[in-house]
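Me: I'd like a close look at one part of this complex, the open sheet and whatever packs around it. Could you walk me through that in one go, and then branch out to the rest?

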Amino acid sequence: MSMDRRKFLKIAGLSTLIGLSGKGAFELLKPGTVEAEMAHEAEGHGHEHHEESAGPKVRWAMLIDIKALTKEKAEKIRETCHFLHNVPNWPDKKNEIKWIWEDEYEHAFTDSYNEYDEILKGMPFLLMCNHCDNPPCVRVCPVQATFKRPDGIVAQDYHRCIGCRFCMAACPYGSRSFNWLDPRVQLKKEIAKGRKLNKRFPTRMRGVVEKCNFCVERLAEGKKPGCVEAAPDVMFFGNLADANSEVRKILRERISLRRKLELGTRPSVFYLI
Amino acid sequence: MYDRGKVIAGLVIFSIIFLFPFLYNHGSASPQPKPSLDTPAIKALSQKKCVEDKQFMITTHMQFLNDWRDQALRDGNRWYVNKEGKKVWISLQNTCLKCHSNKKEFCDKCHNYAAVDPYCWDCHYDPNGSKL
C-alpha cells in the first residue's frame, strides 16, 4: 500500500477528532437526545431504589396452621382449589397437575429435616406455590410468561408460556406442573363421571406450565382465596406489608416455618407450628 | 424439443390440477355471515349496546380483547372505562360471553368464514354451553 507518513498522520488525526467529538456530532444531528437518554437512565435507576426502600403497600402471604390441619381438611382444600381452577386429576402420576397438595415433613423441609422431631414427622403439610419475593422461576422465564406482580403474587401468563419448563427446573419447591396432555381430555372424562366445571374460570391448553395463582381472580373480586374459604381455621391470607394485619399478628404470636429459606427465595407461605 | 408429447401432456395435466379448485368453486361464493345477536341476555337489555359502539367492536375487537387480556392479567386492572365513562368488568368468559351466550352463532360463524382460528378457545370456553 502506498501511503506516506504525512498522509497517514492526517487520516489518523482526523479519525481521532471524529471519535472524540462523537457526542458533539450527535448534538449537531439530533440536539438534546444524548442528555435526555442519560437523564432518563439515571432517573429510572433512582426510581427503582426509591421503591425498594419504601416497600410495596400490599404483599400477599398465606399462613397454614399445621396444628389445625387434618387429612380430611387437606383433602377438602385440595378439592376446592382444583374445582375452582378446573385442574384435571390425571390418573397417571407423570401427567399430574397440582396447585396444592399434601406431603410429609420429610419431603417439605428437606433442608431442615430433623429426624428426631416426632411431632412434626406425623403432621400433614400442605404444599403450594410460595409466591417468593425473589422468585427464581421469574428470572429464568425467557418470555416473561411468569412475572411478579406489585402485590407479590407470582403470576403465570398462559398466553405467553412457550412450555420450555425452565421455571420448573428453577423452582426449588416443585410447585409447577406441565400440561403434557390436553387437560380438557381428562376434564371431559371427569365431567362424564359427574365432576362439575367452574364456568367462571378457563382451562389450560397442552404445552403450558401452571401453578397456584393465589386466587388472583378472586382477589380482584374482593374475595378470599378458595383454600381459605374451604378451611378458615387452617389457612390465613393477608397483607404482610401491613404491620397491623391479621397475618402479621398471628406471625407475632406463633412460631412459623418457611421452606428452604437458605436459598434466598423469601417464600410468602408460612407454616404455623 | 425432445419428448414434446410428454411435456405438453404433462403441462396440460398440471394446469388442470392447478386450476381445478378455482374452476370448481367458481360462482359459488359463500354468503357473508350475519352473526346472530339474538340471546336472552341481549333481548333483556333495555339499551342494546356492547362495551363500545358496534362499528368499533366489529373492526377492532381483536386488538380490544388483546388489550383487555393484558390489562386484566399483566396489570391486574379488572375495570375498563368505555368512551361513555361506564365501568365494565374485564373478562371474556364472565362479561363478553354473558351477553353473547351463543358462541357458535356469534363468534364461530365469522371466524370460520374468514378462516381464522383465534387461540382464545384453547383455554376459554362458552360458560353457557354444556360442552367444554
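Reply: Here's a tour that starts at the sheet and works outwards.

Keep in mind that this is a predicted model. The sheet you're asking about belongs to chain A and is built from four strands, in the order β8-β1-β10-β9, with mixed pairing. The edge positions go to β8 (235–239) and β9 (256–257) of chain A; each has a single partner strand, so one side of each has no neighbour in the sheet. On top of that, helix α12 (residues 246–253) of chain A packs on the sheet and touches β1 (60–65), β8, β9 and β10 of chain A. The direction of α12(A) makes about 115° with that of β8(A).

Where does the mixed pairing show up? β1(A) and β10(A) run parallel and are joined by four bridges. Leu63(A) has Phe270(A) as its bridge partner in β10(A). On the other hand, β9(A) and strand β10 (residues 269–272) of chain A run antiparallel, with two bridges between them. There, Leu257(A) is matched with Tyr271(A) of β10(A). As background, strands of a sheet pair through backbone hydrogen bonds, and they can do that either parallel or antiparallel.

Next, the core. The largest nonpolar core has 54 residues, and those touching the most other members are Ile64(A), Ile77(A), Ile100(A), Leu126(A), Met128(A), Cys227(A) and Met235(A). At least two core residues come from each of β1, α4 (71–84), α5 (105–108), β3, α11 (226–230), β8 and β10 of chain A. The top contributor is β1(A), with five residues. In general, nonpolar side chains tend to be buried together in soluble globular proteins.

Cys227(A) is a handy place to zoom in. Once you leave aside its neighbours within four places in sequence, Cys227(A) is in contact with Ile77(A), Thr80(A), Cys81(A), Ile100(A) and Met235(A). Ile77(A), Ile100(A) and Met235(A) also appear among the core residues that touch the most other members.

β3(A) deserves a stop too. Four of the five residues of β3(A) are buried, so this strand is mostly covered. Its antiparallel partner is strand β2 (residues 100–104) of chain A, and five bridges hold the pair together. Within that pairing, Asp103(A) sits opposite Phe125(A) of β3(A).

If you follow the chain on from there, you reach a backbone oddity. His131(A) lies in the loop between β3 (124–128) and α7 (136–140) of chain A. It isn't a glycine, yet His131(A) has a positive phi of about 45°. Is His131(A) buried or exposed? It counts as buried, because it has 27 C-beta neighbours inside 10 Å, and the cut-off for that label is 20 or more.

Arg165(A) makes a good companion case. It is found in the loop between β5 (154–156) and α8 (166–170) of chain A, and has a positive phi of about 70° without being a glycine. Arg165(A) is partly exposed, though, with 14 other C-beta atoms within 10 Å.

Now for something with hardly any cover: helix α1 (residues 5–20) of chain A. None of the 16 residues of α1(A) is buried. From its first C-alpha to its last, α1(A) reaches 22 Å, close to the 22 Å expected at 1.5 Å a residue.

Stepping back to the whole of chain A, there are 12 helices and 10 strands. Buried residues account for 32% of its 273 residues. Among contacts in chain A between residues at least 6 apart in sequence, 66% join residues at least 24 apart.

Then there's the other chain. In the interface, 14 residues of chain A are in contact with 13 residues of chain B. Helix α9 (residues 183–192) of chain A gives the most to the chain A side, with three residues. That side is made up of five nonpolar, two polar and seven charged residues.

Over in chain B, Trp89(B) is worth a click. It belongs to strand β2 (residues 87–89) of chain B and is partly exposed, with 13 other C-beta atoms within 10 Å. Not counting residues up to four places away in sequence, Trp89(B) touches Arg78(B), Trp79(B), Asn94(B) and Thr95(B). Asn77(B) lies 12 residues from Trp89(B) along the chain, and their C-alpha atoms are separated by 9.4 Å.

Terms used: Residues are numbered from 1 along each chain as its sequence is written. Chains are lettered from A and ligands numbered from 1 in the order in which they are written. This is a predicted model: local features need pLDDT of at least 70, side-chain atom pairs count only at pLDDT 80 or more; totals for chains, interfaces and linings use all residues. Two residues are in contact if their C-beta atoms, placed from the backbone, lie within 7 Å. Ala, Val, Leu, Ile, Met, Phe, Trp, Tyr, Cys and Pro count as nonpolar, Asp, Glu, Lys and Arg as charged, and the others, Gly among them, as polar. Two strands pair if DSSP finds at least two bridges between them. Axes are lines fitted to C-alpha atoms, for helices over the stretch in contact, and angles run from 0 to 180 degrees between N-to-C directions. The expected span of a helix is 1.5 Å times one less than its number of residues. A residue is buried if 20 or more other C-beta atoms lie within 10 Å of its own, exposed if 12 or fewer, and partly exposed in between; C-beta atoms are placed from the backbone. A nonpolar core is a set of buried Ala, Val, Leu, Ile, Met, Phe, Trp, Tyr and Cys residues joined through C-beta atoms within 7 Å.
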